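The following note is meant for a colleague who is meeting this structure for the first time. The points are numbered for ease of reference.

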Amino acid sequence: MVYLIQLEEGPQMARPKNQAARRNEIVAAAQRAVARYGPDGARLNRVADEAGLTSGAVLYYYPNLEDLLLEANREAMERFYEQRVRMLGSLRDDPAVRLMALIRSGLPSGSDDAQVAMLCALGGSAGNNPVTAALLTSLYERQVGMYQVVLEQGAARGVFTLAQDPLTVARNLVALEDAYGYRIIAGHPSIDGEAAAGLIADYARIATGHALTGS
């Protein structure tokens with residue numbers, strides 16, 4: 001007689017095809033934990049609670065909590081630079097279209113956007129954490145450079161008539177992203193993603209001398 005024993009699947013028995021999905025879930029849980037408790041409060045048990053797992057299960061995938069938190073930071077930062085650079089490459093070669101796409105993609109999806117909430121929490125602690133400060137500064141400068149390239153291309157082609165030098169305009173655009181992003185995460189009653197994109201675009205119109213309509 002053959003006995004069939006059904007074993008409960010634990011972390012050590014997770015199928016290879018599910019490994020990547022489980023890691024993504026844990027990274028997302030770490031982002032929520034940082035957003036909720038701050039970078040210093042995102043302890044292992046809190047990350048596990050956010051993921052709906054035991055602490056041991058989290059450690060199976062990420063034996064070092066600091067490595068997990070760095071991965072959570074890296075993924076959020078990639079969203080606002082590497083992914084946007086790839087997006088620009090997929091758009092038609094029109095500086096106005098690219099500028100508006102950058103503005104829209106730089107804002108949170110809503111007040112429950114955990115990645116942006118995490119970045120806001122990191123920003124609040126950056127003054128006491130040199131590593132976090134360096135990471136956020138690097139992200140800011142890369143985003144500025146991304147905008148600057150689009151602005152310079154538009155000016156070189158006569159599409160934009162810039163009111164200030166490209167670097168200044170680019171810095172202001174990223175600063176507006178950050179400011180309105182925070183307001184969205186804070187649940188401002190009259191500023192959602194659409195309203196914020198419109199407000200940033202209003203500045204961009206003044207700064208570029210372009211109507212940016214239909215973009």
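Which residue forms a salt bridge with E50, and how far apart are the closest N and O atoms?

1. The partner of E50 is R32, and the closest N and O atoms of this salt bridge are 3.2 Å apart. The pair links distant parts of the chain, with E50 in helix α2 (residues 44-51) and R32 in helix α1 (residues 16-37), 18 residues apart. E50 is buried, its relative accessible area being 16%, whereas R32 counts as partly exposed at 33% relative accessibility. The reader should bear in mind that this is a predicted model.

2. The overall fold may be described next. The chain contains ten helices and zero strands, and its pattern along the sequence reads α-α-α-α-α-α-α-α-α-α. The C-alpha trace spans about 80 × 45 × 30 Å along its principal axes.

3. Burial and contacts can be taken together. The chain has 215 residues, of which 39% count as buried. Of the contacts between residues at least 6 apart in sequence, 67% join residues at least 24 apart.

4. As for the surface, the chain exposes about 11600 Å², and carbon and sulfur atoms supply 52% of that area. The chain carries 20 positive and 24 negative charges, and the mean positions of these two groups are 3 Å apart.

5. Salt bridges deserve a point of their own, since the structure holds 13 of them. One of them joins R74 to E78, with the closest N and O atoms 2.6 Å apart. Both residues lie in helix α4, and because they are four residues apart there, about one helical turn separates them. R74 counts as partly exposed, at 40% relative accessibility.

6. R74 and E78 also belong to a wider arrangement: together with E71 and R86, they are linked in a network of salt bridges.

7. A further salt bridge is formed by the side chains of R142 and E82, at 3.2 Å from N to O. This pair links distant parts of the chain, for R142 belongs to helix α8 (residues 130-156) and E82 to helix α5 (residues 82-90), with their positions 60 residues apart in sequence. R142 counts as partly exposed at 27% relative accessibility, and E82 is partly exposed as well, with a relative accessible area of 29%.

8. Is R79 buried or exposed? R79 has a relative accessible area of 18%, and therefore counts as buried, the cut-off for that class being under 20%. R79 lies in helix α4, which covers residues 65-80.

9. Which side chain does that of R79 meet in a polar contact of 2.7 Å? The partner is D113. D113 is also one of the residues in contact with R79 when neighbours within four places in sequence are left aside. The others in that set are R84, L107, P108, S109, Q115 and V116.

10. In summary, the points to check on the displayed model are as follows. The E50 and R32 salt bridge links helix α2 with helix α1, and the R142 and E82 salt bridge links helix α8 with helix α5. In helix α4, R74 and E78 are four residues apart. R79, which is buried, has a polar contact with D113 through their side chains.

How values were computed. Residues are numbered from 1 along each chain as its sequence is written. This is a predicted model: local features need pLDDT of at least 70, side-chain atom pairs count only at pLDDT 80 or more; totals for chains, interfaces and linings use all residues. Side-chain values use heavy atoms; hydrogens and water are left out. Helices (H or I, at least four residues) and strands (E, at least two) are DSSP runs, numbered from the N terminus. Buried means under 20% relative accessible area, exposed over 50%, partly exposed in between (1.4 Å probe, protein chains only). A polar contact is a pair of N or O atoms within 3.5 Å; within protein, one must be able to donate a hydrogen and the other to accept it, and residues adjacent in sequence count only if both atoms are side-chain atoms. Contact means heavy atoms within 4.5 Å. Accessible areas come from the Shrake-Rupley method with a 1.4 Å probe; for residues, only the protein chains shown count as cover. Lys and Arg count as positive and Asp and Glu as negative; His and the chain ends are not counted. The place of a charge is taken as NZ of Lys, CZ of Arg, CG of Asp or CD of Glu. A salt bridge is a side-chain nitrogen of Lys or Arg within 4 Å of a carboxyl oxygen of Asp or Glu.
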